[in-house]
Amino acid sequence: MKTGTNQPAPIKGTNRIAYLDILRGIAIFFILCANIVYFSGYFDYPIENRLGSAFFIIDDYFELIMYTLVDGKFYSIFSLLFGIGCVIQYKNLKKHNKPFAQFFRRRMLWLLMIGLIHLIFLWMGDILTLYAILGLTLIWFVNLSNSQLLKYAVILILLPIVNWLIINAIGWNYPLYFYDLNLQYNQSLGLPISEWQGVLMTDFIAYLESNSLLDFFKVNIGNAIIRLADILNEGRAFKVLGIFLIGLWAGRKILDENILDNTSFLKKVAIWGICIGLPISIIRTGITYFSNHDIFWSLMKTLSYAFGTVPLAIGYVALLALLYKKRNTFLKWFAPVGKMALTNYLLQTLLATTLFYGIGFGFVGKFGYTLNIGIAVIIFSLQVVCSKWWLKTHQFGPMEWIWRQLTYGKRIKNKIGLISFKTK
């Protein structure tokens, strides 16, 4: 494929910012660590079902540590990277005098299709669908000033508190409509229903153990409705969009001011982010695991998430940037996975579903927390090896390549050595 100076094209490997690929790879790893406990049925089965009793002693402590340090932080980093990526694409198109809105809208609509397939046919925990829908709104924000981006970001990140008040203080529990809709859907199809604390809901144990592919897909459609209800209940859309806007700001600072070389700034962000975010995240862990979950503690949990998660995530980003500046060779192992983030994210679902679910090998509920994280490490290690192997001969990962072709509306050669970028 030949391109002239006025023709936008996918960013070549030589023009990529290596640190962002590393950060994306690290985020993908810890997102897997957070997700695998749900894939494995860890919260759905009694401890007697689990293998590896030698790890039971450390499971609870390890779970507390991971919840404090990981939960919510790395999908926040992934959201930040999404915003940064938007700015990079905007600058690339602007350089070629091409309209951004049309291109980005097409890109997000194809991501929405990929996300819906993942959500409906594979896993209710999908994040791509939400990213695509919220990504469409970035077209309205991309020309705002830096101060406006940060102002709106703060407002959006705090809006889940308002959302909590609407549901719990005012009493308008609008997500309940979708939970009820899921129940009606399951009942209409005769799918398994269970009862928990007097509430009828999807029988997730029956779903996880079922070896019927047809039933698996039927329940997944209903699970997509639960996913919507959970997002509304948490106010997650506000959080994610707010972090997207911080990503727009950060992307401008990286491209226009080379902020990744500003050691003094990075140290301040790392210190303040960790000093604010870590204590509040510890409080959130205490509330989650040791409170009685009444309405007061529910509010405290919402507040601790709003004020602790994003600062700690941003602190991580700055700390990793400082480590990268010191040429930490270990970090480079994450880059290949980061370059193929979409492929690897979807592949993690396929591998985990095959390993744990009844439609696969049926190991659901068999492992404790520590062993599940060990499995995540093994899966990710295989992804590092396979991604590195693939990128020796290809520009893009398989799903990245498909997504690019759909976005640009033309065939893009993927094999290294077959792409010719020429300028006049």
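At what angle do the axes of helix 6 and helix 12 cross, and within what distance do they come? The points below take this pair first, then other helix pairs and single residues.

1. Basis. This is a predicted model, in which local features need pLDDT of at least 70, side-chain atom pairs count only at pLDDT 80 or more, and totals for chains, interfaces and linings use all residues. Residues are numbered from 1 along each chain as its sequence is written, and side-chain values use heavy atoms, with hydrogens and water left out.

2. Helix 6 and helix 12. The axes of helix 6 (residues 146-170) and helix 12 (residues 295-325) cross at roughly 170° and come within 8 Å. Axes here are lines fitted to C-alpha atoms, for helices over the stretch in contact, with angles from 0 to 180 degrees between N-to-C directions. Helices themselves are DSSP runs (H or I, at least four residues), numbered from the N terminus. The two helices are therefore roughly antiparallel to each other. The cut-offs are under 35 degrees for roughly parallel, over 145 for roughly antiparallel and 65 to 115 for roughly perpendicular, with the rest oblique. The crossing of helix 6 and helix 12 is right-handed; that is, the near helix is turned clockwise from the far one by less than a right angle, while anticlockwise would be left-handed.

3. Residues of that contact. Helix 6 contributes Ile157, Leu158, Pro160, Ile161, Trp164 and Asn168 to the contact with helix 12. From helix 12 come Ile295, Ser298, Leu299, Thr302, Leu303, Ala306, Phe307 and Val310. Contact means heavy atoms within 4.5 Å. By class, the residues are 11 nonpolar, three polar and no charged. Nonpolar covers Ala, Val, Leu, Ile, Met, Phe, Trp, Tyr, Cys and Pro; charged covers Asp, Glu, Lys and Arg; the others, Gly among them, are polar.

4. Helix 3 and helix 12. Helix 3 (residues 73-95) has an axis that comes within 9 Å of that of helix 12, and the two cross at roughly 65°. That makes helix 3 roughly perpendicular to helix 12. The crossing is right-handed. Lys73, Phe74, Tyr75, Ser76, Ile77 and Leu80 make the contact on the helix 3 side. Helix 12 answers with Tyr305, Thr309, Leu312, Ala313, Tyr316 and Val317. The count is nine nonpolar, two polar and one charged.

5. Helix 7 and helix 9. Helix 7 (residues 176-189) and helix 9 (residues 213-234) have axes that come within 8 Å and cross at roughly 170°. They are therefore roughly antiparallel to each other. Helix 7 makes the contact through Phe178, Tyr179, Leu181, Asn182 and Tyr185. The helix 9 residues include Lys218, Ile221, Gly222 and Asp230. This contact divides into 10 nonpolar, four polar and two charged residues.

6. Thr68. This residue sits in helix 2 (residues 56-69). Thr68 is buried, at 9% relative accessible area. Buried means under 20%, exposed over 50% and partly exposed in between, with a 1.4 Å probe and protein chains only. The side chain of Thr68 reaches the backbone oxygen of Leu64 at 2.8 Å. It also makes a polar contact with the side chain of Thr285 (2.6 Å). A polar contact is a pair of N or O atoms within 3.5 Å; within protein, one must be able to donate a hydrogen and the other to accept it, and residues adjacent in sequence count only if both atoms are side-chain atoms. Neighbours within four places in sequence aside, Thr68 is in contact with Lys73, Leu278, Ser281, Ile282, Thr285 and Leu312.

7. Pro279. Helix 11 (residues 263-290) holds Pro279. Pro279 is partly exposed, with a relative accessible area of 40%. Its C-alpha atom and that of Thr68 are separated by 9.3 Å, with the two positions 211 residues apart along the chain.

8. Arg24. Arg24 lies in helix 1 (residues 18-39). It is buried, at 16% relative accessible area. Its side chain makes a polar contact with the side chain of Asp21 (3.1 Å). Beyond neighbours within four places in sequence, Arg24 is in contact with Arg16, Phe78, Leu81, Gly338 and Ala341.

9. Positive phi. Most residues other than glycine have a negative phi. Asn97, in the loop between helix 3 and helix 4 (100-121), has a positive phi near 55°. Asn97 counts as exposed, at 65% relative accessibility. Asn258 also has a positive phi, about 50°. Asn258 lies in the loop between helix 10 (236-257) and helix 11, and is partly exposed at 42%.
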